[in-house]
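Here are my notes for someone opening this entry cold. Have a look at the picture first, then read the points in order.

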Amino acid sequence: MAKAVCVNGLKRPAGGGEGAGGRLAARKRRRKADGGGPEEKSSRLSAALFGEDCEISCDQLYELLKYAALGKCHNATQPSWCRIYQQSHLAGVVVVVLHEMSQLHFYKFYLQFKHLRKVFQHRFTLTPSTNFLASLYGGANLKPENTAQGLTSAGSECVPKSSDLECDPIIRKYGEKKRGLTSYTLTLEEQKKNDYPIKGSPGCKGYIYTECDQQRTDSSPLFGLDCEMCLTAKGSEVTRVSLVDAQGQCLLNELVKPEGVIVNYRTRFSGITKKMLCPVKTRLPDIQTRLKKMLPHDAVLVGHSLNSDLQALKMIHPSVIDTSLLFARNEGRRFKLKFLAKAVLGREIQCEQMLGHDPAEDARAALELAQYFIEQGPAKVAELNLEMLLTTEKLAEVSQNKAALQPQGCRVQKKLNKPPHLAKPCFLDCLQVTGQRPLLLGRQELESSGLCQSNLSISNKEILQRALEDVPLSTFSIVQFSLDPEYVASHLLAGLCEKVRSKLTDMLTIYVGPFEEGFCLKSVKKEFGRCGPIQSLTVVTETYQPHVCIQYEVLEAAQLAVESLNGAEVAGSCIKVQRPVTAAMLDSDVLIKELELDVENEGVIYVAGLKKSLTETDLKEEFSQLKDLETLFLPKDLQSGKHRNCCFLKFQKSQSAVDALEVIHGWTVKGSKLRSRNALASGHLWKWIWQMNRSDGKQGGNILHERMKQLSDLEQDLTKKVKKLDHHIKKLYRSLQNNTLCVVLFPGVNSMDGSQSGLGLMAIKDDGGRSAC
């Protein structure tokens with residue numbers, strides 16, 4: 001991996017002078033000598049991030065960053081989801097990572113992120129990753145690398161050809177395509193075959209069932225489990241249990257007093273000694289109760305030969321991933337966890353220097369192996385050629401043992417063939433090939449193993465100061481800003497999510513009335529339905545005269561109703577249209593105005609009143625006469641797939657959108673009168689609002705109330721911290737050279753308390769400090 005020098009806890013690019021920094025400095029001196037004028041050509045960014053095509057994976061993001069930094073001349077290809085024009089004229093690439101923040105944080109503090117929403121036009125929903133920094137570098141793509149001495153001819157080519165992959169047991173079992181985690185959980189038949197405890201089985205009488213019966217989805221939480229056993233008069237009994245969550249945090253690491261008298265502590269493997277167990281009072285039923293409480297109802301347990309652990313725990317769990325079976329081998333053989341950790345994760349576990357195995361380390365390794373398999377897919381795993389690596393490692397061990405047995409004076413003084421160094425051909429390596437040195441600044445540091453280490457003593461202000469000095473001298477920089485852990489604690493996520501969901505619901509809701517007794521509800525629904533898709537409509541009878549509560553599916557529909565129907569005559573009554581009045585809604589007018597002015601919504605308008613029978617082709621034909629029309633997005637119900645009665649039109653020029661608004665309002669298409677206004681949530685935000693509007697808090701009432709209270713206590717300080725973050729990014733962005741690609745990433749959250757998608761914002765800085773699109 002390319003190295004970066006660490007200065008005061010902050011990583012700086014190694015080398016200088018004639019390296020990447022020297023070339024940049026020389027370029028700046030030449031431009032200054034020429035009168036400071038701009039270069040002949042400017043880079044430009046184009047991305048089709050509109051409507052439903054707004055979700056980007058870490059692999060796709062890596063694809064963009066690699067091309068931006070390396071270009072075609074280094075075999076990097078244009079990303080499939082966006083284009084960089086004049087890539088060779090880019091002055092550099094700067095990635096700003098807001099650690100442990102998500103799309104939820106951006107929209108909760110939308111008004112505070114003033115700079116981000118005014119500058120970064122291109123935005124996308126980012127699929128959350130288990131190890132975000134490693135995936136950003138492409139570090140999760142592990143392939144063996146030959147040593148200087150090389151391998152024997154049989155092992156000189158560690159990565160198999162695509163034709164060989166078809167015979168790989170992993171490909172035969174799972175195919176080549178990536179799948180969600182539910183594709184890798186063991187079926188009931190597989191569990192029976194591999195001696196897993198099964199509910200109702202005669203051999204499992206007295207076993208405790210975890211009662212995790214909720215249907216699993218591909219976003220269900222993963223937990224790593226591992227146990228250590230000692231031999232007692234009753235047989236093999238559990239003496240230590242570890243449970244880790246999807247982030248690798250240890251939730252449980254407990255010693256257990258066995259029922260039987262211990263015959264053999266198996267210290268070499270278990271790490272358990274008589275002295276350790278002497279004061280322990282915890283018994284197996286205590287552990288069973290704790291595990292049962294800790295696991296959510298859709299939990300998926302991950303372990304290596306997990307059947308042994310569950311048998312020892314005398315527990316039954318319906319959904320498991322067994323890494324000893326996941327990384328399939330021929331003839332039913334299995335790889336050891338120690339080997340897989342080294343070959344796949346690049347990590348040494350179960351080291352000989354340690355006294356026995358560490359169950360937390362083993363649980364974490366198994367969990368990360370499963371996460372790697374899910375994220376990378378079977379084809380990438382098969383490319384590692386694990387069988388060849390294992391054979392090579394064994395041959396090297398034999399050679400070393402033979403050499404050790406030779407008399408001291410007779411040993412051949414030459415370098416032995418070594419097993420391949422299991423390195424990561426990551427993005428940093430690609431930069432090193434070109435002589436560039438990456439700049440890494442932040443609290444989170446990436447080790448060679450791909451793990452992130454934290455240094456909380458560094459402040460965001462210190463990171464910013466270093467960035468202002470060093471980013472202009474580097475062609476590729478990653479700058480991480482972090483909120484204090486108390487503000488991004490995973491247990492507060494539910495409270496934050498509920499606050500945002502509640503406010504979105506209020507903004508999508510209007511109250512209409514008063515009406516006369518016996519008014520025609522159908523007429524009200526028809527009139528207000530012309531503003532956009534209605535999710536629910538109910539009559540309010542608590543008032544002196546009847547009112548109607550209408551909840552829309554899109555923000556534009558609710559705002560259009562307020563603007564166009566307030567004071568109108570509907571169902572025989574002159575009505576008032578208003579939004580709910582709550583403390584959270586006091587700034588709703590400001591929020592609507594800022595959404596309209598958001599750079600992402602430039603040149604985009606919302607059109608409602610369409611007949612649901614109209615297709616995208618029909619609409620393109622109807623709107624073909626509009627000048628500079630670039631894209632049309634016809635939203636669908638994400639469950640039924642049916643079209644809604646509205647659409648978004650995106651124009652190449654903002655003025656063309658303004659002109660179209662005047663033309664469209666009042667148009668009649670296939671007998672339907674159209675209504676239109678400026679867009680508020682046309683891109684990735686549309687889908688996110690739809691999902692949030694249909695989500696219910698998973699937490700119990702008391703728990704959710706407590707977490708919302710905790711969040712409220714922190715909210716004032718948190719708002720100030722977010723404002724400072726936005727200001728830091730603004731200062732950094734202003735310091736960048738023109739033609740610099742800047743990508744701001746909210747990585748997303750994936751924890752046992754919930755999962756939230758990330759958010760990406762990107763722009764190429766131009767002379768005006770705005771983005772070149």
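1. Start with Glu-616, which is partly exposed because its relative accessible area is 33%. Its partner in a salt bridge is Lys-620, with 3.7 Å between the closest N and O atoms. Lys-620 is partly exposed too, at 45%. Both sit in helix α24 (residues 616–622), and since they are four residues apart, about one helical turn separates them. Keep in mind throughout that this is a predicted model.

2. Next, a small cluster: Arg-123, Asp-598 and Glu-600 are joined into one network by salt bridges that share partners. As background, side chains of opposite charge can pair when their charged atoms come close. Over the whole structure, the search turns up 18 salt bridges.

3. Where do the two ends of the Arg-677 and Glu-596 salt bridge sit in the chain? First the contact: their side chains meet at 2.3 Å, N to O. Arg-677 is in strand β31 (residues 675–678) and Glu-596 in helix α23 (residues 588–597), so to speak distant parts of the chain, 81 residues apart. Is each end buried or exposed? Arg-677 counts as buried because its relative accessibility is 6%, under the 20% cut-off. Glu-596, at 27%, counts as partly exposed.

4. Compare that with Lys-234 and Glu-259, whose salt bridge has its closest N and O atoms 2.9 Å apart. Lys-234 is in the loop between β9 (222–232) and β10 (235–244), while Glu-259 is in the loop between β11 (250–255) and β12 (262–264), so the pair ties together parts that are 25 residues apart in sequence. Lys-234 and Glu-259 are both exposed.

5. Now for charge on the surface. Lys-114, Lys-118, Lys-461, Lys-720, Lys-723, Lys-724 and Lys-731 gather there in a patch of positive charge. Which helix gives the most to this positive patch? That would be α27, with four residues; Lys-720 is one of the residues lying in helix α27. Two helices, α4 (114–119) and α27 (701–735), each supply at least two residues of the patch.

6. Last, the cysteines. How many disulfides does the structure hold? Zero. Two cysteines are worth finding in the viewer: Cys-212 counts as buried because its relative accessibility is 0%, and Cys-549 counts as buried at 14%.

Definitions and conventions: Residues numbered from 1 in each chain as written. Predicted model: local features only at pLDDT ≥ 70, side-chain atom pairs only at ≥ 80, totals over all residues. Heavy atoms only, no water. Disulfide = S-S within 2.5 Å. Buried < 20%, exposed > 50% of the residue type's maximum accessible area, 1.4 Å probe, protein only. Patch = residues over 30% accessible without salt bridge, like charges linked within 9 Å, V, L, I, M, F, W, Y side chains within 5 Å. Areas by Shrake-Rupley, 256 points an atom, 1.4 Å probe, with all protein chains shown as cover. Salt bridge = Lys/Arg side-chain N within 4 Å of Asp/Glu carboxyl O. Lys, Arg positive; Asp, Glu negative; His and termini not counted. Charge placed at Lys NZ, Arg CZ, Asp CG, Glu CD.
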